[in-house]
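Student: I'd like to learn how to read a structure I've never seen before. Can you walk me through one?

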Amino acid sequence: MIGSATKIPYLLRATRNEILEPPPVWMMRQAGRYMKVYRDLRDKYPSFRERSENPQLAIEISLQPWRAFKPDGVIMFSDILTPLPGMGIPFEIVESKGPVIDPPIRTSQQVEQLQPLEPEESLPFIRQILQTLRSEVGDQAAVLGFVGSPWTLAAYAVEGKTSKSYSVIKSMAFSQPLILHQLLGKIADSIATYVRYQIDCGAQVVQLFDSWAGQLSPQDYRTFALPYQQRVVQQVKETHPDTPLILYISGSAGIFDMMAESGVDIVSVDWTIDMADARRRLGPDIGVQGNIDPCVLFGSQEFIRQRMLDTIHKAGNRGHILNLGHGLLPNTPEENVRYFFETAKNLTRSHLVNRPSTRL
Ligand code: CP3
């Protein structure tokens, strides 16, 4: 019983301002279609909702990358849309089309009818998934939960599907803002409840995905995305102040400085910003994650290694979690994912010499 029962997962140490060389590593969408074991399982269980809501399947899928690559973080297999049916918004994920919400939420009457999320009732499988993941990985990795942030969830609910222009939700924002604010407020309160529930079930870190908030102009980001990120973060911090929260936005360069105002502990950086610039703009009190273009994994192993070293060097030796700048893409070669993880784990001081020391 010496030590191991109380050892802190390496990834959590990065959230506590410790000097870590090399940095901890995991990948967004590390479970999924680029893995053959996942595709085989998907052939047997074609419904995404079944794969993510049947605890045995979701646990198995979450553990596939863990068994293959031993990342420092194990994220539960789920989707940002998973809590929506519990609020009265059913969805399906259709092969080659993506999420479908029918009917989409577009009227004040529909918004009024939405119910506050009661996770114990509508998401009992999440408890089993997170508890089992904790006992499977022990102190060898941190278990990550995640949620969609209100703007991005509202984008799916209002558009009804993945969108290129976001014209339906932006029309609502610009011509009927009160309806949208009412929807965003309801989603924010339910999502805060859901984050607290994930933490109570065993999540040690929770990532907020506001993937499509980078589609907003800076002034609209400040009106429709940031206040609702803050509402979620504030409510969670009131009851769970010690659980680190990460915020990810795709295409965030234009609104990047405002991400720090959300109140999260770590900002997940996409590849539209140089990591050194990200560090300067965020200041010393916020950690960083990500930054490597997922398409780098289509390059040669030497190229992958150079890009990893560049990001690690620029991020400095504290408060950095190595990750991609967005989720792994479906056709990524598995051997390159393996190479990324192995390289990350085998980096020693000599590779990292002259790395700037941050947050001193
Ligand atoms: O990181 C992990 O390993 C956990 C898995 C995960 C999924 N969805 C599984 C999934 C995570 C973190 C998500 C979050 C998610 N879902 C986001 C935020 C992250 C991001 O990419 O910005 C968003 C925007 C969604 C909504 C959504 N769900 C999309 C756009 C899609 C892809 C549609 C498609 O077919 O390309 C989904 C479906 C989905 N969620 C898949 C996976 C593995 C693919 C469907 C499948 O495997 O059959």
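**Reading the fold, then one residue**

Tutor: Sure, and keep in mind that this is a predicted model. Start with what is hidden: of the 360 residues in the protein, 56% are buried.

Student: Which helices and strands should I look for, and how many are there of each?

Tutor: Count the elements along the chain. Here you'll find 15 helices and nine strands.

Student: How do I judge the overall size, and what radius of gyration does the protein have?

Tutor: You compare the radius with what a compact globule would give. For 360 residues that would be near 21 Å, and the protein has 20 Å, so the two agree. Along its principal axes, the C-alpha trace spans about 60 × 45 × 40 Å.

Student: What share of the contacts links residues 24 or more positions apart?

Tutor: Look at pairs with a separation of 6 or more: 73% of those contacts in the protein join residues 24 or more positions apart.

Student: And the outside? How much of the accessible surface belongs to carbon and sulfur atoms?

Tutor: The protein's accessible surface is about 14800 Å², and carbon and sulfur atoms hold 50% of that. For charges, compare mean positions: those of the 37 positive and 38 negative charges lie 4 Å apart.

Student: Let's zoom in. Is Ser 252 buried or exposed?

Tutor: Buried means under 20% relative accessible area. Ser 252 has 0%, so Ser 252 is buried. You'll find Ser 252 in the loop between strand S6 (245–248) and helix H12 (256–259).

Student: Which residues is Ser 252 in contact with?

Tutor: Leaving aside neighbours within four places in sequence, Ser 252 touches Met 259, Asp 270, Thr 272 and Ile 273.

Technical notes. Residues are numbered from 1 along each chain as its sequence is written. This is a predicted model: local features need pLDDT of at least 70, side-chain atom pairs count only at pLDDT 80 or more; totals for chains, interfaces and linings use all residues. Side-chain values use heavy atoms; hydrogens and water are left out. Helices (H or I, at least four residues) and strands (E, at least two) are DSSP runs, numbered from the N terminus. The radius of gyration is taken over C-alpha atoms; the globule rule is 2.2 Å times the number of residues to the power 0.38. Buried means under 20% relative accessible area, exposed over 50%, partly exposed in between (1.4 Å probe, protein chains only). Contact means heavy atoms within 4.5 Å. Accessible areas come from the Shrake-Rupley method with a 1.4 Å probe; for residues, only the protein chains shown count as cover. Lys and Arg count as positive and Asp and Glu as negative; His and the chain ends are not counted. The place of a charge is taken as NZ of Lys, CZ of Arg, CG of Asp or CD of Glu.
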